[in-house]
Amino acid sequence: MLVTSLEHAEGHDYLSERFRAAYAFLNRSDLAELPLGRVDINGDDVFANVQEYETVPASEKQMEAHRRYYDVQYVVEGEELMEYAPLAGLEEAQPFDEQSDFGLYVGPALPSGIVLRAGDTAVLAPEDAHKPGCALGGPARVRKIVVKVRV
């Protein structure tokens, strides 16, 4: 699934060599056994972050966004709600950290949301603010791999 405006979709090559490397990595059979942390795929151009966490109420989180990387988020185990909204028009909750390519944002009052379950993938571009790890009713354990693809 890819959810974005047509204007933004036309500006991105979601089938480029870097994205193909990300998708090939996510098709490995050993994703549930990978150690937590960074896994290099193609240096700093494409790498994965293996994560495990408990989901929390959406009200306890803020939107995040990145400038240098797309996120290819893949749920290995569990389920979560991910809220998302266009970054344009959101307010910074703190100054953007260029080194870690990470910013937190406030708003909007009514973001869109999708449910991601084991086997689901969401591709988020730099113009997509997102709030992953939100609970569906109650806390749940999630194992997720976020592949970072350099813009």
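**Reading salt bridges, strands and a cavity**

Tutor: Let's open with D40: its relative accessible area is 52%, so D40 counts as exposed. Keep in mind that this is a predicted model.

Student: Okay, which residue does D40 form a salt bridge with, and how far apart are the closest N and O atoms?

Tutor: The general idea is that side chains of opposite charge can pair when their charged atoms come close. Here D40 pairs with R38, and their closest N and O atoms are 2.8 Å apart. R38 itself is partly exposed, at 43% relative accessibility.

Student: How many salt bridges does the structure hold?

Tutor: There are 14. D45 is a nice one to follow. One of its partners is R150, with the closest N and O atoms 2.9 Å apart. That pair ties together distant parts of the chain: D45 sits in the loop between β1 and β2, R150 in strand β11, and 105 residues separate them.

Student: And what about the pair of D45 and R18?

Tutor: Their side chains also meet in a salt bridge, at 3.6 Å from N to O. This is another link between distant parts of the chain, since R18 lies in helix α2 (residues 17-26), 27 residues from D45. As for cover, D45 is partly exposed at 24%, R18 is partly exposed at 29%, and R150 is partly exposed at 28%.

Student: Which residues are linked in a network of salt bridges?

Tutor: E52, E77, R141 and R143.

Student: Is strand β11 mostly covered or uncovered?

Tutor: For background, in a regular strand the side chains alternate between the two faces of the sheet. Strand β11 spans residues 141-150, and 8 of its 10 residues are buried, so it is mostly covered; the cut-off for buried is under 20% relative accessible area.

Student: Which strands pair with β11, and in what sense?

Tutor: Strand β2 (residues 46-54) pairs with β11 in the antiparallel sense over 9 bridges, with E54 opposite R141. Strand β4 (residues 69-77) also runs antiparallel to β11, joined by 8 bridges, and there V75 stands opposite K144.

Student: Last one: how many cavities of 30 Å³ or more does a search of the whole structure find?

Tutor: Rolling a probe the size of a water molecule over the atoms shows where empty space is left. In this model the search turns up 1 such cavity, holding about 80 Å³ of space. Its lining has 10 residues, and V3, I114, A122, V123 and L124 lie nearest the centre. Strands β5 (79-86) and β9 (121-124) each give two or more residues to that lining, with β9 giving the most, 3 residues. By class, the lining has 9 nonpolar residues, 1 charged and no polar ones.

Technical notes. Residues are numbered from 1 along each chain as its sequence is written. This is a predicted model: local features need pLDDT of at least 70, side-chain atom pairs count only at pLDDT 80 or more; totals for chains, interfaces and linings use all residues. Side-chain values use heavy atoms; hydrogens and water are left out. Buried means under 20% relative accessible area, exposed over 50%, partly exposed in between (1.4 Å probe, protein chains only). Helices (H or I, at least four residues) and strands (E, at least two) are DSSP runs, numbered from the N terminus. Two strands pair if DSSP finds at least two bridges between them. On a 1 Å grid over the protein atoms alone, a cavity is a set of points where a 1.4 Å probe fits but cannot get out, and a pocket is an open set with protein on both sides within 12 Å along at least five of seven lines; lining residues have an atom within 4 Å of a point. Grid points are joined across faces, edges and corners, and a volume is the space filled by probe spheres set on the points. Ala, Val, Leu, Ile, Met, Phe, Trp, Tyr, Cys and Pro count as nonpolar, Asp, Glu, Lys and Arg as charged, and the others, Gly among them, as polar. A salt bridge is a side-chain nitrogen of Lys or Arg within 4 Å of a carboxyl oxygen of Asp or Glu.
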